[in-house]
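Q: Got a minute to go through this model with me? I'd like the main points before I head back to the bench.

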Amino acid sequence: MPNPVSLRYFLVANYLLILALTGWIARDGFAGNALAALFTALVLSTYSLLYLLPTLLLSALAWRIHRHMGMACGVVLASFTLLLLLADSRVHDMYGFHINGFVWNLLTTPGGIASMGGSASAELTAMLLAFALVLVEAGLMYGLARRTPAQHWPWGRFIACVLCVMIAERVVYGVSHLTAYRPVLAAAREVPFYQPTTFRSFAAKLGYEMQRRAEMNVADGGRLLYPRAPIELSRDAPTPNIVWLVGESLRWDMLAPEIMPNLWRFAGKGRRYTNHFSGGNGTRMGMFSMFYGLPGNYWFSFLDARQPPLLISTLQQQNYQFGLYTSAKFSYPEFDKTLFASLPADTMTSDDTGRGWERDRRNVTRLLEYLERRDAGRPFFTFMFFESSHAQYYFPPESVLRSDYLQDFNYATVDIEENIDRIFARYVNASHHLDSQLGRVFDYLEVNQLLENTIVVVTGDHGEEFLEEGRWGHNSAFHNEQLHVPLVLHTPGAAPGVFNHPTSHLDLVPTLMPMLGVVNPRRDYALGLPLDEVPGERYRLAANWDALAYIGSDHKVVMPLRATGVLDTLVEEADDDPVVNDDQVLAELGTELVDMLEDLAHFYRRRPG
């Protein structure tokens, strides 16, 4: 007669099956050095228990009701767990990442499997595999559950051992994260649904900063394949200067003659893109998409690998000189480990003392001094990140355009909804001050006749919302107000104009690289389109830490990137209004969502399948 205690044999057998399967999925983790292989083994030994935990708990509870119910529950749950891991293995081989909320929703959407290239035979194969798993699990259950259990199981020692292993792998990963030890970081990304633990905040309190490495070798960066082919330059590759200016939280409607007269005047001499979206609703993803031309899901892999964008590497190859300035920090967000990871620390100047407008003034002075003392015989790249337009939107008295602004912006006491108009007035005034500092840069470039051989990029890292769709600030939703930013581009010899087609931060790198003499196809290094080749209708991508947004001409679909967010899919009209039938919209967008899935995996190595 089956005994509830003898269920242990069934669970032990499934633990060994799961351990073998996850070992196959994460086999690249064992291919690294000895520490990476040890780390992978430690993680899989404990995560295989976690994968099995729902089966253990629910089947034990069901057994209390009736032993046959417990046995059936164990068979079904164990079969589902193995089937899920087998599906993850296939997705990982094909796309380079594990099943996440986006993939899950795509697979469960009507027509989703077909749009991914599935067929009737593929669906039949999947059903037969599921049936075979159930038969195997049923055989295990009825064969092993009848065995006489051991009288004494060393539960105390077993639990202590598991805890020690879990602590050990957490420590190994945390230290590797702090020290930028890429073999372990890469191995962690091979483990299905791995949830890392980092010690950055604790280490910072002890005065220890995450390490920054000058050497760039993406070979140990896991499955990254970036670029997809070596970058080639034309023999007479041009070397224009580049001035790149980014306003924190600067949204599109601040570019108006009253609010930003200097930028408006400069835009009249260049190319202004009125329908331009950031690649993220926060600084990390917005800036990443801007400099890499890639969607934000790649941020974590590139951070782990300390891999700089090809744009910067190409400039270094061309012997550019660099002057980089931020009124925040280059270490937070981690621009010194991503965007500028290959550049010496002495090219970066941070100023985070005082209010944003004060920092901006000091940094513009530094930037202009840099331009004065630069080597005139070499091209230059200069970058500045402005903080004037960042909440709490500070500004000096001479920048007041809207006098009805909120005088005391106290986060702890202010009623946002009641005061939103006065908060917005602060934002307008702060943006007006930002414009005054941009004007200083434009004036210098014009007076010194540098515009004849200088590309100038002016934009925002992301937008800012003021309750238009129910939120204030950014990083909270993919509303248009949080994504829509100005873009002004000056390129020597290009005719000025105003363009209304749907452009994206991902389009900047494919626009600039050919201007530097890069002859590769654009998909060797980016996923955007050249700004002036963008069609009237296309989908755009935006990301945050946990989700990716598909932004089409009619609809917007926000899908989670984490495995735990399978129920978080949001479907809206392009203007952020709700839709009537989510499933119908998802079914109609199936082909484009699969194209989006391919983009998410384009710069990961694929295994032959």
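A: Here is a quick run through confidence, cores, cysteines, one serine and a sheet.

Q: What is the average pLDDT of the protein chain?
A: This is a predicted model. The chain averages a pLDDT of 87, and 87% of the residues score at least 70.

Q: Where does pLDDT stay under 50?
A: Residues 114-118 are one such stretch, with 9 contacts beyond four places in sequence in the model. Residues 212-221 also stay under 50, and there the model has 29 such contacts. Where pLDDT is low, don't read the predicted coordinates in detail.

Q: OK, the core. Which residues touch the most other members of the largest nonpolar core?
A: Trp-244, Phe-291, Phe-340, Phe-381 and Phe-383. That core has 68 residues. Helix 12, residues 283-292, gives the largest share, with 6 residues.

Q: And what lies apart from it?
A: Another core, of 45 residues. Leu-245, Leu-255, Leu-368 and Tyr-444 are among them.

Q: Switching to cysteines. How many disulfides does the structure hold?
A: The count is 0.

Q: Why is there no bond from Cys-161 to Cys-164?
A: Their sulfurs are 6.8 Å apart, which is too far for a bond. A disulfide needs the sulfurs within 2.5 Å. Cys-164 holds the closest cysteine sulfur to that of Cys-161.

Q: Is Cys-161 buried or exposed?
A: In between: Cys-161 is partly exposed, at 46% relative accessible area.

Q: What about Ser-431, buried or exposed?
A: Buried, because its relative accessibility is 0% and the cut-off for buried is under 20%. Ser-431 is in helix 16, residues 416-447.

Q: Which residues does Ser-431 touch?
A: Leaving out residues up to four places away in sequence, Ser-431 touches Leu-250, Met-254, Ile-259, Met-260 and Ser-389.

Q: Now the 4-strand sheet. What is the strand order?
A: The order is 12-13-14-15, in an open sheet with antiparallel pairing.

Q: Which strands stand at the edges?
A: Strand 12 (540-543) and strand 15 (570-573). Each has a single partner strand, so one side of each has no neighbour in the sheet. From one strand to the next, the twist averages 20°.

Q: How many bridges join strand 13 to strand 14?
A: There are 5 bridges, between residues 547-551 and residues 555-560. Tyr-550 stands opposite Val-557 of strand 14.

Q: And which helix packs on the sheet?
A: Helix 20, residues 590-601. Helix 20 touches strand 12, strand 13 and strand 14. Its direction makes about 135° with that of strand 13.

How values were computed. Residues numbered from 1 in each chain as written. Predicted model: local features only at pLDDT ≥ 70, side-chain atom pairs only at ≥ 80, totals over all residues. Heavy atoms only, no water. Core = buried A, V, L, I, M, F, W, Y, C linked by side-chain atoms within 4.5 Å. Buried < 20%, exposed > 50% of the residue type's maximum accessible area, 1.4 Å probe, protein only. Helix = DSSP H or I, 4+ residues; strand = E, 2+ residues; numbered from the N terminus. Contact = heavy atoms within 4.5 Å. Pairing = 2+ DSSP bridges. Axes fitted to C-alpha atoms, helices over the stretch in contact; angles between N-to-C directions. pLDDT = per-residue confidence, 0-100.
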